[in-house]
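Reader: Please take me through this model by question and answer. Keep it brisk.

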2 protein chains.
Amino acid sequence: MMIDDMVTVATPGDSATDERLVFYISDGTGITAETIGHSLLTQFAGLRVNTQRFSFVDTPDKAREALRQIKAACGERGVRPIIISSVVEEAVTAVLEQSGALILDVFGPFIGRLEAELGQQRARHVGHAHGMVDFAAYEARINATNYALTHDDGGNVNYNEADLILVGVSRSGKTPTCLYLALHYGVRAANYPLTDDDLENMDLPRRLVPFRRKLYGLTIDPERLRQIRQERKPDSRYATIAQCRKEVAAAESLFKAERIPVLSTTHTSIEEIASKVMSALGIQRQLF
Amino acid sequence: MMIDDMVTVATPGDSATDERLVFYISDGTGITAETIGHSLLTQFAGLRVNTQRFSFVDTPDKAREALRQIKAACGERGVRPIIISSVVEEAVTAVLEQSGALILDVFGPFIGRLEAELGQQRARHVGHAHGMVDFAAYEARINATNYALTHDDGGNVNYNEADLILVGVSRSGKTPTCLYLALHYGVRAANYPLTDDDLENMDLPRRLVPFRRKLYGLTIDPERLRQIRQERKPDSRYATIAQCRKEVAAAESLFKAERIPVLSTTHTSIEEIASKVMSALGIQRQLF
């Protein structure tokens with residue numbers, strides 16, 4: 001059974017009546033619609049939304065099923081729903097227009113201007129952006145992901161192939177950042193956890209010396225670090241505030257002495273850390 | 001040294017004169033601009049683009065530096081560049097308008113309609129979408145990522161906590177999909193590699209039986225599998241076409257006999273696999 005032709009959406013939970021229902025509808029994955037929709041909605045302070053995604057809505061029949069679910073979700077609410085759509089097929093869009101929702105077509109305002117600029121019409125193929133596979137690009141992502149997975153422990157590894165090496169104390173955010181860089185940009189990111197020995201020596205670990213220009217430091221607020229470690233290893237020495245303070249202070253001193261660029265991850269999302277690391281090290285890769 | 005205030009972009013390589021230069025400019029990470037820009041540009045068949053990203057352009061001074069680099073990159077080319085911008089600050093946008101480029105403001109067409117619908121003005125805070133950190137949401141991502149990392153080998157693990165379990169032969173795409181699901185949707189995805197023993201038995205591995213409703217199968221074209229394995233373990237038995245054909249046929253028979261939903265990853269991007277798995281299993285999570 002190939003699952004290619006279904007529309008699934010969870011029923012919304014109980015929710016306050018002042019919440020806005022927002023539906024992301026796409027004939028592909030819905031990633032583009034949700035990305036721009038999220039960016040738009042976060043610009044409205046205090047707005048509370050309940051979002052649902054309908055992916056792979058590429059026929060009028062599937063659009064009618066989505067419409068039925070949208071109407072059921074809206075129920076008796078008097079508030080107009082918002083649809084953020086990246087649907088390309090006009091016949092699908094025509095169905096969605098029967099919803100009475102505010103519909104934001106994320107491609108609509110741009111296609112005409114691009115067609116005029118490029119002197120060609122768009123091809124109405126659906127799901128191109130996140131559906132097509134370029135084998136070479138795919139391999140770059142997978143190889144970078146494997147690299148991150150096998151260079152995640154600071155073990156006896158070869159850093160020659162690394163595009164960059166993240167350095168920091170345990171749980172400062174290195175691993176998810178490395179995986180994000182690999183999956184999204186095909187960047188080979190290794191990860192060196194500073195050990196107690198490293199931090200007592202206050203010297204750059206010898207194995208990192210030849211790769212100084214690839215180093216980027218991550219630091220974190222000690223209290224936030226304590227929370228993260230406490231969840232991972234409750235009531236261990238590792239999770240005491242004293243230990244967290246000591247390690248963070250030593251790591252920051254090391255970064256300063258060795259002039260390693262550093263970013264605090266405390267209030268920084270994985271996307272933002274990844275983006276800032278690449279900017280700082282001058283690594284320019286296309287987002288997958 | 002905190003690296004918070006620089007604009008870096010690689011110089012474009014040698015490129016054909018019929019390529020379009022496309023610049024993604026953002027006062028945040030640039031992820032939103034690049035995501036929608038990529039979706040738009042892939043709708044134009046045969047279009048060749050050379051893309052560059054300027055992140056964290058949040059002051060007129062940084063915009064002037066970006067402008068200088070854009071002009072240098074365009075050089076003598078007679079072709080008008082395209083700027084895809086998610087910049088919120090009007091003073092920054094005013095600088096970019098001096099470029100002579102076609103500027104697509106990815107928020108512009110939607111903000112007015114949303115303001116009217118919601119009865120409130122947007123807050124002009126920059127970089128909200130990918131910059132802010134909600135600690136609870138962050139922890140969900142990190143915990144899911146740790147879960148994927150520790151449940152990646154089919155070892156003696158507890159599947160009770162899994163939202164889903166991907167099943168397939170070695171190198172069919174399970175690991176990157178699990179990591180993507182964790183990083184982007186906070187979904188706890190485990191990963192069960194079908195072994196020779198499993199495939200000879202033709203029974204559902206006993207440890208998976210209690211979790212039947214969480215299972216999703218990945219399959220792949222045997223020739224494509226051979227290529228991937230050949231790169232990983234050159235000239236091994238593991239990488240022969242005979243072995244790949246045998247394993248894939250046995251896995252597909254197992255999925256069919258056990259009525260496990262299955263998707264071929266051969267021509268499917270990681271994003272699309274992740275999206276289809278969630279749709280099929282009825283898992284509804286917000287994209288981070």
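**Domains, interface and sheets**

Author: The C-alpha centres of domain 1 of chain A and domain 2 of chain A lie 38 Å apart. Domain bounds come from an automatic or database domain assignment. This is a predicted model: local features need pLDDT of at least 70, side-chain atom pairs count only at pLDDT 80 or more, and totals for chains, interfaces and linings use all residues. Residues are numbered from 1 along each chain as its sequence is written, while chains are lettered from A and ligands numbered from 1 in the order in which they are written.

Reader: Into which domains is chain A divided?

Author: Chain A has two stretches assigned as domains. They are domain 1 (20–131) and domain 2 (135–281).

Reader: What turn lays chain B on chain A?

Author: Copies are superposed by least squares on the C-alpha atoms of residues with pLDDT of at least 70 in both. The RMSD is 0.0 Å, and the shift along the axis is 0.0 Å. The turn is 180 degrees. That is the relation of a two-fold axis.

Reader: Which residue of chain B comes closest to the rotation axis?

Author: The distance is taken at the C-alpha, and it is 3.3 Å. The residue is Pro109(B).

Reader: Which element gives the largest share of the side of chain B that touches chain A?

Author: The contact takes 73 residues from chain B and 73 residues from chain A; two residues are in contact if their C-beta atoms, placed from the backbone, lie within 7 Å. Helices (H or I, at least four residues) and strands (E, at least two) are DSSP runs, numbered from the N terminus. The largest share, eight residues, comes from α1(B).

Reader: At what angle do helix α1 of chain A and helix α1 of chain B pack?

Author: Both helices span residues 31–41, and their axes are 9 Å apart. Among the residues that meet are Ile31(A) and Thr35(A) in α1(A), and Ile31(B) and Thr35(B) in α1(B). Axes are lines fitted to C-alpha atoms, for helices over the stretch in contact, and angles run from 0 to 180 degrees between N-to-C directions. The angle is about 145 degrees.

Reader: In what order do the four strands of the open sheet in chain B stand?

Author: Two strands pair if DSSP finds at least two bridges between them. The pairing here is parallel. The edge strands, β2 (49–54) and β4 (102–105) of chain B, each pair on one side only. The order is β2-β1-β3-β4.

Reader: Which residue of β2(B) stands opposite Val22(B)?

Author: Strand β1 (residues 20–25) of chain B pairs with β2(B) in the parallel sense over six bridges. Opposite Val22(B) in β2(B) stands Thr51(B).

Reader: Which helix of chain B packs on the sheet, touching β1 and β2?

Author: The helix covers residues 60–74. Its direction makes about 170 degrees with that of β1(B). The helix is α2 of chain B.

Reader: Which strands stand at the edges of the sheet in chain A?

Author: Four strands form this open sheet in the order β6-β5-β7-β8, with parallel pairing. Each edge strand has a single partner, so one side of each is left without a neighbour in the sheet. They are β6 (189–193) and β8 (262–264).

Reader: Which residue in β8(A) is the bridge partner of Gly217(A)?

Author: Strand β7 (residues 215–219) of chain A runs parallel to β8(A), and three bridges join them. The partner of Gly217(A) is Val262(A).
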